[in-house]
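Trainee: Could you take me through one part of this model in detail? I would like to look closely at the aromatic rings and what surrounds them.

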Amino acid sequence: MKNLIVMNKSSVLVFLLVGLFVLCECEDEDQFLPVSPMVKKEQEALYSAIQGFVGNSWNGSDLYPDPCGWTPIQGVYCDLLDGYWHVTVLNIGLVFDNSLQCSPNAKFTHHLFELIHLRSLSFFHCFSSPRDNPIRIPSSNWERLSNSLESLEFRSNGGLIGTIPVSISYLKKLRSLVLLENGLIGDLPIELGNLVNLKQLVLAGNKFTGQIPPSLGGLTELLIMDLSRNSLTGTLMLTFGCNLTSLLKLDLSNNKLEGKIPEGIGRLKNATLLDLGRNKFSGGLIQSFQQLVSLKEMVISNNPLGGDLMGVEWGKLQNLEILDLSSMGLTGLVPESMAGMKKLRYLGLNDNSLTGNLSPKLASLPCLNALYVNDNNLTGKLEFAEGFYKKMGRKFRAWNNSNLCYQRDMIPSSSSSSHGLNGVKLC
């Protein structure tokens, strides 16, 4: 009986093995194999692309079984598609301590464009020397990534020179284009307007010149447009802003833009930040500013704008926290309606030619912690309560208003509290 049991167990084992073999022969062989690793051709393309940036000494020999395995490369991320691993994210540059660090002679190779499943590609402080190793963004092959790439970023690459290649406009799925603080020059291609799915366009901190293409005004999905810190010139089209109703942030500061600010800016009803500072805008404040009801920060300072403050109903800007209108050549009175901006924390009216007295209601703004009205032509008596000066301290500045005065009994004894009254005479 014992031998019979053993025989039965052996028979069962043989039967199972034979059955498994038959099953493997009958079914799709891939169904019973483990998930395949990265396709060898793609792995070779990835390694060659990385070597172009970090140097030939790197060969991925310490990676097992591949870049998507148990010991992945920092900055390389993969997704499983059709049973194989594919590179979908590639971040080059020293973001973390163990990130891929570019060599002094970093360069692009054609292998990069063989990674046709890439969704995100970024370079941080990779091309650092415009003198020793000037590098240009590749002018071709971007169409190979047109069905996959959603994010393209070059940040802090001082050695990245030349213009934006028109071929980037082939990236029809692109949602984020960030070219921040590089050495790029030239005009902005009108073809950027073809990137209709863009939600973020950041071209700040380069050396771009020429006008802002009207085509950018048609990027209706944009949430962020930052073209600041360049040398952009010319005027904005009259309808600029009319189609950018989803925009949350518009920053055109530190350029050489001129002409009148378009009334279309008032259509940015979802915007929380508007910065037009340090340009050459003229023609006065536009009435449609009062329609920016979501705005938290407005900076128009350092423009020869001229005009007065009376054409805007400031009390409608109930969410505004920062308002900088300094150095704009403003004239006339400071309107009492400014006291209606209950969330205002900072009000900069300094370095203008404003006249008249300041309404005591300004001092009643509950959140205000900085009020700069120095270097104007204000007159009359400051009628702010003692508590106002205690709260503001050095963040109240009223000097260089020759006909403005204060009452001694309204000033606290603290020297820091009365600092802002230096240069203001006693009544």
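**Aromatic pairs**

Mentor: Happily! Let us begin with two rings: phenylalanine 53 and phenylalanine 123 are both buried (under 20% relative accessible area with a 1.4 Å probe, protein chains only; over 50% is exposed, and in between is partly exposed). Their ring centres lie 5.2 Å apart with the planes at 65°, so this pair is edge-to-face. Here rings of Phe, Tyr and Trp (its six-membered ring) pair if their centres lie within 6.5 Å, with planes under 30 degrees apart stacked, over 60 edge-to-face and the rest tilted. The pair joins distant parts of the chain, 70 residues apart: phenylalanine 53 belongs to helix 2 (residues 40-54) and phenylalanine 123 to strand 3 (residues 120-124). Helices (H or I, at least four residues) and strands (E, at least two) are DSSP runs, numbered from the N terminus.

This is a predicted model, where local features need pLDDT of at least 70, side-chain atom pairs count only at pLDDT 80 or more, and totals for chains, interfaces and linings use all residues. Residues are numbered from 1 along each chain as its sequence is written, and side-chain values use heavy atoms, leaving out hydrogens and water. pLDDT is the predictor's confidence in each residue, from 0 to 100; its mean over the protein chain is 89.

Ring pairs also connect Phe53 and Phe123 with Phe108, Phe127 and Phe154 in a cluster. In total, the model has 17 aromatic pairs. Elsewhere, phenylalanine 388 and tyrosine 389 are both buried.
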